[in-house]
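Got your viewer open? Load the model, switch to a cartoon view, and keep the selection box handy.

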Amino acid sequence: MNIIILYGQIIDNIDFKFIYNKYAKSLEKKNKTSIAKCRIELENGSIVKMYGYDEIADFMYRKLQKNNSILIEGSLDSNGDVECKTIISINQ
């Protein structure tokens, strides 16, 4: 397991979807009901895709918007995207 902490600015609108995957191989992924996705730009100009499930997805959809600065704790998946575990909004 890996842990990553990032600071950046949201550059997309939040994409929120409900999911149902009865063919998921792991029980952990089978119990997910919603997902939210967006991209953030880091201080060095890199662009990273991030996503969150369930409560994190709900928080992202309700509280975050384009141009918000955020601090993320999460982990890298096999595609190099960040699965968020904790998000803190830093509105300047």
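Before the first stop, a ground rule: two strands pair if DSSP finds at least two bridges between them. Strands themselves are DSSP runs of E with at least two residues, helices are runs of H or I with at least four, and both are numbered from the N terminus. You're looking at a predicted model, where local features need pLDDT of at least 70, side-chain atom pairs count only at pLDDT 80 or more, and totals for chains, interfaces and linings use all residues. Residues are numbered from 1 along each chain as its sequence is written, and side-chain values use heavy atoms, with hydrogens and water left out.

**Stop 1: the strands**

Select residues 4-10, which make up strand β1, and add β5; the two run antiparallel and are joined by 6 bridges. β5 itself covers residues 69-76 and contains L71. Click on Y7 and look across to β5: its bridge partner there is L71.

Now add residues 34-42. That's strand β3, which pairs with β1 in the antiparallel sense over 3 bridges. For a landmark, pick I10, whose bridge partner in β3 is I40.

**Stop 2: a greasy spot outside**

Stay with L71 and turn on the surface. Is L71 buried or exposed, or something in between? It counts as partly exposed, because its relative accessibility is 30% (buried means under 20% relative accessible area, exposed over 50%, partly exposed in between, with a 1.4 Å probe and protein chains only). Add I3, I5 and I88 to the selection: with L71 they form a nonpolar surface patch, whose accessible area comes to about 390 Å² together. Patches here take residues with over 30% relative accessible area and no salt bridge, joining like charges within 9 Å and nonpolar side chains (Val, Leu, Ile, Met, Phe, Trp, Tyr) within 5 Å. The areas come from the Shrake-Rupley method with a 1.4 Å probe, and for residues only the protein chains shown count as cover.

**Stop 3: the rings**

How many aromatic pairs does a search of the whole structure find? The count is 3. Rings of Phe, Tyr and Trp (its six-membered ring) pair if their centres lie within 6.5 Å; planes under 30 degrees apart count as stacked, over 60 as edge-to-face and the rest as tilted. Show F16 and F18 as sticks: the centres are 5.3 Å apart and the planes sit at 85 degrees, so this pair is edge-to-face. F18 is exposed at 69% relative accessible area, while F16 is partly exposed at 23%.

Next, bring in Y61. Its ring centre is 5.1 Å from that of F16, with the planes at 35 degrees, so this pair is tilted. The pair links distant parts of the chain, 45 residues apart: F16 is in strand β2 (residues 15-18) and Y61 in helix α2 (residues 54-63). Ring pairs link F16, F18 and Y61 into a cluster.

**Stop 4: the charges**

Look for a side-chain nitrogen of Lys or Arg within 4 Å of a carboxyl oxygen of Asp or Glu, which is the salt bridge rule. By that rule there are 4. Try these:

- D12 and R39 meet at 2.7 Å, N to O. D12 is in the loop between β1 and β2 and R39 in strand β3, so the pair ties together parts 27 residues apart in sequence.
- R62 and D58 have their closest N and O atoms 2.9 Å apart. Both lie in helix α2, 4 residues apart, about one turn of the helix.
- E83 and K85 meet at 3.3 Å, N to O. E83 counts as buried at 12% relative accessibility, whereas K85 is partly exposed at 39%.
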